[in-house]
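Student: I should like to understand how the terms used for a protein structure are justified. May we go through them one at a time?

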Amino acid sequence: IRANPRNPVNYERRALIWLQGGQTEKLMADYDRAVELGSKNPAVYVNRAVQLATQGEFEKAVADYDMANRLGVNEAYLFVNRGVAQLAAGHAEKAVEDFTAAMQRGEKTASIYLNRAAAYQAANQEIKAIDDLAEAIRLEPKNPAVYHQRGMVWQSMENWDKAVADFDQAIQLDAKFIPAYSSRGFLWFQRKEPAKAIADFARVI
(Lines give C-alpha, C1' and ligand atoms only; values in the text may rest on other atoms or scores of the structure.)
Protein backbone atom coordinates (compact mmCIF):
# COMPACT_ATOMS: atom_id res chain seq x y z
CA ILE A 1 0.00 0.00 0.00
CA ARG A 2 2.86 2.38 0.79
CA ALA A 3 4.39 1.66 -2.61
CA ASN A 4 1.11 2.11 -4.50
CA PRO A 5 -1.59 3.77 -2.36
CA ARG A 6 -3.88 4.35 -5.35
CA ASN A 7 -4.31 0.68 -6.23
CA PRO A 8 -7.66 -0.60 -4.89
CA VAL A 9 -6.51 -4.23 -5.12
CA ASN A 10 -4.06 -3.69 -2.27
CA TYR A 11 -6.87 -2.59 0.04
CA GLU A 12 -9.07 -5.46 -1.14
CA ARG A 13 -6.38 -7.98 -0.23
CA ARG A 14 -5.74 -6.47 3.17
CA ALA A 15 -9.48 -6.40 3.85
CA LEU A 16 -9.57 -10.18 3.45
CA ILE A 17 -6.98 -10.47 6.22
CA TRP A 18 -9.11 -8.24 8.47
CA LEU A 19 -12.14 -10.36 7.59
CA GLN A 20 -10.41 -13.55 8.70
CA GLY A 21 -9.32 -11.87 11.91
CA GLY A 22 -12.74 -10.40 12.69
CA GLN A 23 -11.43 -6.83 12.53
CA THR A 24 -14.66 -5.28 11.27
CA GLU A 25 -13.71 -1.62 11.63
CA LYS A 26 -10.45 -2.05 9.74
CA LEU A 27 -12.17 -4.28 7.19
CA MET A 28 -14.76 -1.63 6.43
CA ALA A 29 -12.13 1.11 6.21
CA ASP A 30 -10.23 -0.85 3.57
CA TYR A 31 -13.36 -1.72 1.60
CA ASP A 32 -14.42 1.94 1.71
CA ARG A 33 -11.02 3.00 0.41
CA ALA A 34 -11.09 0.38 -2.34
CA VAL A 35 -14.50 1.66 -3.44
CA GLU A 36 -13.28 5.26 -3.36
CA LEU A 37 -10.46 4.22 -5.69
CA GLY A 38 -12.94 2.71 -8.14
CA SER A 39 -12.80 -0.99 -7.32
CA LYS A 40 -14.54 -3.18 -9.89
CA ASN A 41 -14.31 -6.33 -7.77
CA PRO A 42 -17.88 -7.48 -7.03
CA ALA A 43 -16.72 -9.38 -3.93
CA VAL A 44 -15.83 -6.05 -2.32
CA TYR A 45 -19.42 -4.86 -2.64
CA VAL A 46 -20.93 -8.18 -1.55
CA ASN A 47 -18.70 -8.44 1.50
CA ARG A 48 -19.24 -4.81 2.46
CA ALA A 49 -23.01 -5.26 2.02
CA VAL A 50 -22.99 -8.18 4.45
CA GLN A 51 -21.23 -6.05 7.05
CA LEU A 52 -23.52 -3.08 6.45
CA ALA A 53 -26.61 -5.26 6.92
CA THR A 54 -25.14 -6.61 10.15
CA GLN A 55 -24.77 -3.02 11.33
CA GLY A 56 -28.37 -2.19 10.41
CA GLU A 57 -27.39 -0.07 7.40
CA PHE A 58 -29.88 -1.79 5.11
CA GLU A 59 -30.24 0.91 2.46
CA LYS A 60 -26.47 1.05 2.01
CA ALA A 61 -26.35 -2.75 1.89
CA VAL A 62 -28.94 -2.75 -0.89
CA ALA A 63 -26.86 -0.21 -2.84
CA ASP A 64 -23.79 -2.44 -2.57
CA TYR A 65 -25.71 -5.51 -3.68
CA ASP A 66 -26.97 -3.46 -6.62
CA MET A 67 -23.40 -2.62 -7.59
CA ALA A 68 -22.30 -6.25 -7.27
CA ASN A 69 -25.18 -7.22 -9.55
CA ARG A 70 -24.16 -4.60 -12.11
CA LEU A 71 -20.63 -5.98 -11.95
CA GLY A 72 -21.89 -9.41 -12.94
CA VAL A 73 -22.98 -11.26 -9.80
CA ASN A 74 -26.20 -12.99 -10.80
CA GLU A 75 -26.32 -15.98 -8.47
CA ALA A 76 -29.23 -16.82 -6.19
CA TYR A 77 -27.37 -15.90 -3.00
CA LEU A 78 -27.14 -12.24 -4.03
CA PHE A 79 -30.90 -12.01 -4.54
CA VAL A 80 -31.56 -13.77 -1.23
CA ASN A 81 -29.26 -11.39 0.66
CA ARG A 82 -30.55 -8.32 -1.12
CA GLY A 83 -34.12 -9.44 -0.52
CA VAL A 84 -33.47 -9.71 3.21
CA ALA A 85 -31.95 -6.21 3.20
CA GLN A 86 -34.84 -4.85 1.12
CA LEU A 87 -37.37 -6.28 3.57
CA ALA A 88 -35.50 -4.88 6.56
CA ALA A 89 -35.36 -1.49 4.84
CA GLY A 90 -39.14 -1.53 4.38
CA HIS A 91 -39.19 -2.31 0.66
CA ALA A 92 -41.50 -5.32 0.77
CA GLU A 93 -42.40 -5.47 -2.92
CA LYS A 94 -38.77 -5.24 -3.99
CA ALA A 95 -37.98 -7.99 -1.48
CA VAL A 96 -40.62 -10.19 -3.13
CA GLU A 97 -38.96 -9.55 -6.50
CA ASP A 98 -35.55 -10.54 -5.16
CA PHE A 99 -36.75 -13.71 -3.44
CA THR A 100 -38.61 -14.67 -6.60
CA ALA A 101 -35.44 -14.08 -8.64
CA ALA A 102 -33.54 -16.36 -6.24
CA MET A 103 -36.16 -19.07 -6.75
CA GLN A 104 -35.84 -18.72 -10.50
CA ARG A 105 -32.14 -19.43 -10.06
CA GLY A 106 -32.74 -22.69 -8.23
CA GLU A 107 -33.19 -21.59 -4.61
CA LYS A 108 -36.17 -23.71 -3.49
CA THR A 109 -35.57 -24.19 0.24
CA ALA A 110 -38.10 -23.73 3.01
CA SER A 111 -36.12 -20.69 4.10
CA ILE A 112 -36.66 -18.82 0.84
CA TYR A 113 -40.39 -19.47 1.01
CA LEU A 114 -40.40 -18.23 4.60
CA ASN A 115 -38.59 -15.08 3.53
CA ARG A 116 -40.89 -14.40 0.60
CA ALA A 117 -43.94 -15.08 2.78
CA ALA A 118 -42.71 -12.44 5.21
CA ALA A 119 -42.31 -10.02 2.32
CA TYR A 120 -45.77 -10.81 1.01
CA GLN A 121 -47.25 -10.24 4.45
CA ALA A 122 -45.43 -6.91 4.75
CA ALA A 123 -46.86 -6.00 1.33
CA ASN A 124 -50.38 -6.83 2.57
CA GLN A 125 -50.64 -9.87 0.30
CA GLU A 126 -51.58 -12.37 2.98
CA ILE A 127 -53.02 -15.04 0.68
CA LYS A 128 -49.76 -15.27 -1.24
CA ALA A 129 -47.95 -15.47 2.08
CA ILE A 130 -50.15 -18.40 3.13
CA ASP A 131 -49.39 -20.15 -0.17
CA ASP A 132 -45.64 -19.77 0.34
CA LEU A 133 -45.87 -21.02 3.90
CA ALA A 134 -47.81 -24.07 2.74
CA GLU A 135 -44.90 -24.87 0.44
CA ALA A 136 -42.41 -24.29 3.26
CA ILE A 137 -44.38 -26.74 5.40
CA ARG A 138 -44.29 -29.28 2.59
CA LEU A 139 -40.51 -28.93 2.48
CA GLU A 140 -39.98 -28.90 6.27
CA PRO A 141 -43.04 -30.40 7.97
CA LYS A 142 -41.23 -30.72 11.30
CA ASN A 143 -40.15 -27.08 11.54
CA PRO A 144 -42.18 -25.28 14.24
CA ALA A 145 -41.09 -21.84 12.96
CA VAL A 146 -43.01 -22.37 9.73
CA TYR A 147 -46.27 -23.14 11.50
CA HIS A 148 -45.71 -20.21 13.84
CA GLN A 149 -45.20 -17.80 10.96
CA ARG A 150 -48.30 -19.05 9.19
CA GLY A 151 -50.23 -18.72 12.44
CA MET A 152 -49.20 -15.09 12.64
CA VAL A 153 -50.47 -14.49 9.11
CA TRP A 154 -53.80 -16.12 9.98
CA GLN A 155 -53.87 -13.98 13.12
CA SER A 156 -53.34 -10.80 11.08
CA MET A 157 -56.32 -11.89 8.95
CA GLU A 158 -58.35 -12.47 12.12
CA ASN A 159 -58.78 -16.14 11.24
CA TRP A 160 -58.45 -17.13 14.86
CA ASP A 161 -59.17 -20.86 14.57
CA LYS A 162 -56.53 -21.47 11.91
CA ALA A 163 -54.06 -19.32 13.81
CA VAL A 164 -54.58 -21.33 16.99
CA ALA A 165 -54.23 -24.59 15.07
CA ASP A 166 -50.87 -23.50 13.68
CA PHE A 167 -49.60 -22.25 17.04
CA ASP A 168 -50.72 -25.55 18.58
CA GLN A 169 -48.86 -27.48 15.89
CA ALA A 170 -45.69 -25.47 16.47
CA ILE A 171 -45.86 -26.24 20.19
CA GLN A 172 -46.59 -29.90 19.52
CA LEU A 173 -43.43 -30.08 17.42
CA ASP A 174 -41.36 -28.25 20.02
CA ALA A 175 -42.78 -27.73 23.49
CA LYS A 176 -40.04 -25.16 24.19
CA PHE A 177 -40.78 -23.00 21.15
CA ILE A 178 -41.42 -19.77 23.06
CA PRO A 179 -42.59 -17.56 20.14
CA ALA A 180 -45.63 -19.79 19.65
CA TYR A 181 -46.68 -19.39 23.29
CA SER A 182 -46.23 -15.63 23.04
CA SER A 183 -48.25 -15.33 19.84
CA ARG A 184 -50.97 -17.66 21.07
CA GLY A 185 -51.14 -15.76 24.35
CA PHE A 186 -51.66 -12.50 22.48
CA LEU A 187 -54.36 -14.16 20.38
CA TRP A 188 -56.20 -15.28 23.53
CA PHE A 189 -55.89 -11.71 24.80
CA GLN A 190 -57.42 -10.43 21.56
CA ARG A 191 -60.28 -12.91 21.94
CA LYS A 192 -60.83 -11.82 25.56
CA GLU A 193 -59.86 -15.17 27.06
CA PRO A 194 -57.55 -13.94 29.84
CA ALA A 195 -57.06 -17.27 31.62
CA LYS A 196 -55.66 -18.89 28.49
CA ALA A 197 -53.58 -15.81 27.73
CA ILE A 198 -52.04 -15.80 31.21
CA ALA A 199 -51.23 -19.52 30.95
CA ASP A 200 -49.38 -18.99 27.67
CA PHE A 201 -47.57 -15.85 28.80
CA ALA A 202 -46.43 -17.75 31.89
CA ARG A 203 -44.49 -20.07 29.57
CA VAL A 204 -42.75 -17.07 28.04
CA ILE A 205 -41.48 -15.53 31.27
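Tutor: Let us begin with the contact of two helices. In this predicted model, Ala-110, Tyr-113, Leu-114, Arg-116, Ala-117, Tyr-120 and Gln-121 of H7 meet Glu-126, Lys-128, Ala-129, Asp-132, Leu-133, Glu-135, Ala-136 and Leu-139 of H8. The residues of this contact divide into nine nonpolar, one polar and five charged.

Student: What makes H7 roughly antiparallel to H8?

Tutor: Helix H7 (residues 110-122) and helix H8 (residues 126-139) pack at an angle of about 165°, and their axes lie 8 Å apart. Angles over 145 degrees count as roughly antiparallel, so H7 is described as roughly antiparallel to H8. The crossing of H7 and H8 is left-handed.

Student: Why does His-148 count as buried?

Tutor: His-148 has a relative accessibility of 8%. Buried means under 20%, and therefore His-148 counts as buried. His-148 is found in helix H9 (residues 144-156). Leaving aside neighbours within four places in sequence, His-148 is in contact with Phe-167, Ala-170, Phe-177, Pro-179, Ala-180 and Ser-183.

Student: Which residues have the most contacts inside the largest nonpolar core?

Tutor: They are Leu-78 and Ile-112, in a core of 52 residues. H7 supplies the largest share of this core, seven residues.

Student: What does Leu-78 touch, not counting residues up to four places away in sequence?

Tutor: With those residues left out, Leu-78 touches Val-46, Tyr-65, Ala-68, Asn-69 and Val-73.

Terms used:
Residues numbered from 1 in each chain as written. Predicted model: local features only at pLDDT ≥ 70, side-chain atom pairs only at ≥ 80, totals over all residues. Heavy atoms only, no water. Axes fitted to C-alpha atoms, helices over the stretch in contact; angles between N-to-C directions. Helix = DSSP H or I, 4+ residues; strand = E, 2+ residues; numbered from the N terminus. Parallel < 35°, antiparallel > 145°, perpendicular 65-115°, else oblique. Left-handed = near helix turned anticlockwise from the far one by under 90°. Contact = heavy atoms within 4.5 Å. Nonpolar A, V, L, I, M, F, W, Y, C, P; charged D, E, K, R; others polar. Buried < 20%, exposed > 50% of the residue type's maximum accessible area, 1.4 Å probe, protein only. Core = buried A, V, L, I, M, F, W, Y, C linked by side-chain atoms within 4.5 Å.
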